[in-house]
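The following exercises are meant to be worked with the sequence and the coordinates side by side. Please try each task before reading its solution.

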Amino acid sequence: MTADPSAFQHELRVYWEDTDAGGVVFYANYLKFMERARTEWLRAMGFEQETMRRDEGLMFVVSDTALRYLAPARLDDWLRVSVVPAEIGRASLTIDQQVWRGEQLLTQGRIRIGCVDARSLKPARIPARILQALPPEGAAAAGTVAPAHR
């Protein structure tokens with residue numbers, strides 16, 4: 001199995017703070033890696049989440065997660081986290097994500113995020129400019145790799 005070359009990808013290094021006492025990435029930290037990749041994916045399309053919250057009173061929240069762990073990442077590993085929109089709704093996005101070390105798939109997940117009013121946390125429509133920037137449903141994201149420092 002290989003990574004989808006057209007998916008958005010964010011690279012990162014595994015640090016001590018990401019691991020357990022055995023130097024293996026703590027399972028919940030894969031959600032943090034995926035969150036960072038989604039944030040950089042939005043940023044690469046020109047959408048800053050803090051600007052959206054401040055100027056429009058909107059933000060994204062995670063409403064559902066499903067992860068499958070296939071192999072462990074370890075201290076100092078260089079990882080690549082992919083982002084592919086799978087389902088696009090008016091107020092939510094379902095995103096398929098994978099974490100890779102080289103050509104080895106370590107973790108795969110499906111994350112649902114919802115757009116909400118920042119004050120009330122009630123569902124809100126995703127801004128049209130974001131929906132228009134997304135690839136057609138089922139199509140992969142623009143193939144870019146977020147800048148990272150090795």
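**Exercise 1. Salt bridges**

Task: How many salt bridges does the structure hold, and which residue pairs with glutamate 56?

Solution: The structure, which is a predicted model, holds 9 salt bridges. Glutamate 56 forms one of them with arginine 129, and their closest N and O atoms are 2.5 Å apart. This pair links distant parts of the chain, since glutamate 56 lies in helix H2 and arginine 129 in helix H3 (residues 128–133), 73 residues apart. To classify the two partners, apply the limits of 20% and 50% relative accessible area: glutamate 56 is at 36% and therefore counts as partly exposed, and arginine 129, with 37%, is therefore partly exposed as well.

Next, take arginine 54, which forms a salt bridge with aspartate 55 at 3.1 Å between the closest N and O atoms; arginine 54 and aspartate 55 are both exposed. Finally, Glu40, Arg43 and Glu48 are linked in a network of salt bridges.

**Exercise 2. Arginine 110 and its strand partners**

Task: Which residue is the bridge partner of alanine 66 in E5, and which aspartate meets the side chain of that partner in a salt bridge?

Solution: Begin with the pairing of the strands, where E2 and E5 run in the antiparallel sense over 11 bridges. Within E5, arginine 110 is the bridge partner of alanine 66. The side chain of arginine 110 also meets that of aspartate 96 in a salt bridge, with 2.6 Å from N to O. Here arginine 110 belongs to strand E5 and aspartate 96 to strand E4, 14 residues apart. Because its relative accessibility is 35%, arginine 110 counts as partly exposed, and aspartate 96 is partly exposed because its relative accessible area is 27%.

E4 and E5 are themselves paired in the antiparallel sense, over 10 bridges, and valine 99 stands opposite threonine 107 in E5. The hairpin of E4 and E5 has 2 residues between the strands, and in it glycine 102 takes a positive phi near 60°.

**Exercise 3. The nonpolar core and helix H1**

Task: Which residues have the most contacts inside the largest nonpolar core, and which element gives the most to this core?

Solution: The largest nonpolar core has 30 residues, and Trp41, Phe60 and Leu79 have the most contacts inside it. Two or more residues come from each of strand E1 (8–13), helix H1 (29–44), strand E2 (58–69), strand E3 (78–88), strand E4 (92–101) and strand E5 (104–117). Of the elements, H1 gives the most, with 6 residues.

Then examine leucine 79, whose contacts beyond four places in sequence include His10, Leu12, Phe33, Val99 and Leu106.

Turning to H1, its 16 residues reach 23 Å from the first C-alpha to the last, close to the 22 Å expected. Among its buried residues are Phe33, Met34, Ala37, Trp41 and Leu42. An α-helix has 3.6 residues a turn, so residues three or four places apart point the same way. The buried residues of H1 pack against E1, helix H2 (49–56), E2, E3, E4 and E5. Just after H1, glycine 46 takes a positive phi of about 95°.

**Exercise 4. Confidence in the model**

Task: Over which residues does pLDDT stay under 50?

Solution: Start from the whole protein chain, for which the mean pLDDT is 90, with 88% of the residues reaching 70 or more. Against this background, residues 141–150 stay under 50, and the model has 28 contacts beyond four places in sequence for them.

Methods: Residues numbered from 1 in each chain as written. Predicted model: local features only at pLDDT ≥ 70, side-chain atom pairs only at ≥ 80, totals over all residues. Heavy atoms only, no water. pLDDT = per-residue confidence, 0-100. Contact = heavy atoms within 4.5 Å. Core = buried A, V, L, I, M, F, W, Y, C linked by side-chain atoms within 4.5 Å. Buried < 20%, exposed > 50% of the residue type's maximum accessible area, 1.4 Å probe, protein only. Helix = DSSP H or I, 4+ residues; strand = E, 2+ residues; numbered from the N terminus. Expected span 1.5 Å × (residues − 1). Pairing = 2+ DSSP bridges. Salt bridge = Lys/Arg side-chain N within 4 Å of Asp/Glu carboxyl O.
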